[in-house]
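Student: I have a chain open here and want to go through it with you. Can we start with the overall fold and then move to details?

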Amino acid sequence: QMQLVESGGGLVQPGGSLRLSCVASRSIFRMGWYRQAPGTQRELVATITNLGGTNYADSVKGRFTISRDNAKNTVYLQMNSLKPEDTAVYYCEGTSYNGVYYWGQGTQVTVSS
């Protein structure tokens, strides 16, 4: 059973930075981050394949950077220039080579002064 464990959330002031990490229990094809604010649907933030191909939501382009360390089965999300509207629970997602989706438990990110 695949497990995804996130870390790195917290409270930060507008304009600040945070880095999220997610460790998978074994190698996986694609990893990424989604987020869900209260009263909204879960939305894509960014994804990255095992070969480094990336995809970003328009709302985070130029501010967030996704990366991964395949040797450690770990994906990172560097979040800069954070805005209050980035406040959400951030979920790590993994897609296996045969198309099965897995989710982490989520980590809270709050951007507030």
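Student: How many helices and strands does the protein chain have?

Tutor: The model is a predicted one. The protein chain has zero helices and 11 strands, so the pattern along the sequence is β-β-β-β-β-β-β-β-β-β-β.

Student: What is the radius of gyration, and how does it sit with the globule rule?

Tutor: The radius of gyration is 13 Å, close to the 13 Å that the globule rule gives for 113 residues, so the chain is as compact as a globular protein of that length. The C-alpha trace spans about 40 × 25 × 20 Å along its principal axes.

Student: What share of the residues is buried?

Tutor: Buried residues make up 43% of the 113. As for contacts with a separation of 6 or more, 53% of them come from residues 24 or more positions apart.

Student: On to sheets. What is the strand order in the open sheet of four strands?

Tutor: The order is S1-S3-S8-S7, with antiparallel pairing. S1 (4-7) and S7 (64-69) are at the edges with a single partner strand each, so one side of each has no neighbour in the sheet. Neighbouring strands of this sheet are turned by 15° against each other on average, direction ignored.

Student: How many bridges pair S7 and S8?

Tutor: Six bridges, in the antiparallel sense, with S8 covering residues 74-79. One pair is aspartate 69 with threonine 74 in S8.

Student: And alanine 71, where is that?

Tutor: Alanine 71 is in the loop between S7 and S8. It counts as exposed, at 77% relative accessibility. Its C-alpha atom is 18 Å from that of serine 7, and the two residues are 64 apart along the chain.

Student: Now S9. Is it mostly covered or mostly open?

Tutor: Mostly covered, as seven of the eight residues of S9 are buried.

Student: Which strands does S9 pair with?

Tutor: S4 runs antiparallel to S9 and is joined to it by seven bridges. S11 (residues 107-111) pairs with S9 over three bridges, in the antiparallel sense. S10 (residues 101-103) also pairs with S9 in the antiparallel sense, over three bridges.

Student: Which residues stand opposite each other in those pairings?

Tutor: For S4 and S9, tyrosine 34 is opposite tyrosine 91. For S9 and S11, valine 89 has glutamine 108 as its bridge partner. For S9 and S10, glutamate 93 stands opposite tryptophan 103.

Student: What about phi in the hairpin of S9 and S10?

Tutor: Five residues lie between the strands of that hairpin, and glycine 99 takes a positive phi near 90°.

Student: Switching to charges. How many salt bridges are there?

Tutor: The count is four. One of them joins the side chains of glutamate 43 and arginine 35, at 2.7 Å, N to O. Another joins lysine 61 and aspartate 58, at 3.1 Å.

Student: Are arginine 35 and glutamate 43 buried or exposed?

Tutor: Arginine 35 counts as buried at 6% relative accessibility, because the cut-off for buried is under 20%. Glutamate 43 is partly exposed at 36%.

Student: And aspartate 58, buried or exposed?

Tutor: Aspartate 58 is exposed, with a relative accessible area of 64%.

Student: What does aspartate 86 pair with?

Tutor: Its side chain meets that of arginine 63 in a salt bridge of 2.7 Å, N to O. The pair links distant parts of the chain, 23 residues apart: aspartate 86 is in the loop between S8 and S9 (88-95), and arginine 63 is in the loop between S6 (54-56) and S7. Aspartate 86 is buried at 1%, and arginine 63 is buried at 10%. Salt bridges that share partners join Arg35, Glu43, Arg63 and Asp86 into one network.

Student: Back to arginine 35. Where is it, and which side chains does it make polar contacts with?

Tutor: Arginine 35 is in strand S4 (residues 30-36). Its side chain makes a polar contact with the side chain of serine 59 at 3.4 Å and with that of tyrosine 90 at 2.9 Å.

Student: What else is arginine 35 in contact with?

Tutor: Leaving aside neighbours within four places in sequence, the contacts of arginine 35 include Gln41, Arg42, Val45, Phe64, Glu85 and Val89.

Terms used
Residues are numbered from 1 along each chain as its sequence is written. This is a predicted model: local features need pLDDT of at least 70, side-chain atom pairs count only at pLDDT 80 or more; totals for chains, interfaces and linings use all residues. Side-chain values use heavy atoms; hydrogens and water are left out. Helices (H or I, at least four residues) and strands (E, at least two) are DSSP runs, numbered from the N terminus. A polar contact is a pair of N or O atoms within 3.5 Å; within protein, one must be able to donate a hydrogen and the other to accept it, and residues adjacent in sequence count only if both atoms are side-chain atoms. Contact means heavy atoms within 4.5 Å. Two strands pair if DSSP finds at least two bridges between them. Axes are lines fitted to C-alpha atoms, for helices over the stretch in contact, and angles run from 0 to 180 degrees between N-to-C directions. Buried means under 20% relative accessible area, exposed over 50%, partly exposed in between (1.4 Å probe, protein chains only). The radius of gyration is taken over C-alpha atoms; the globule rule is 2.2 Å times the number of residues to the power 0.38.
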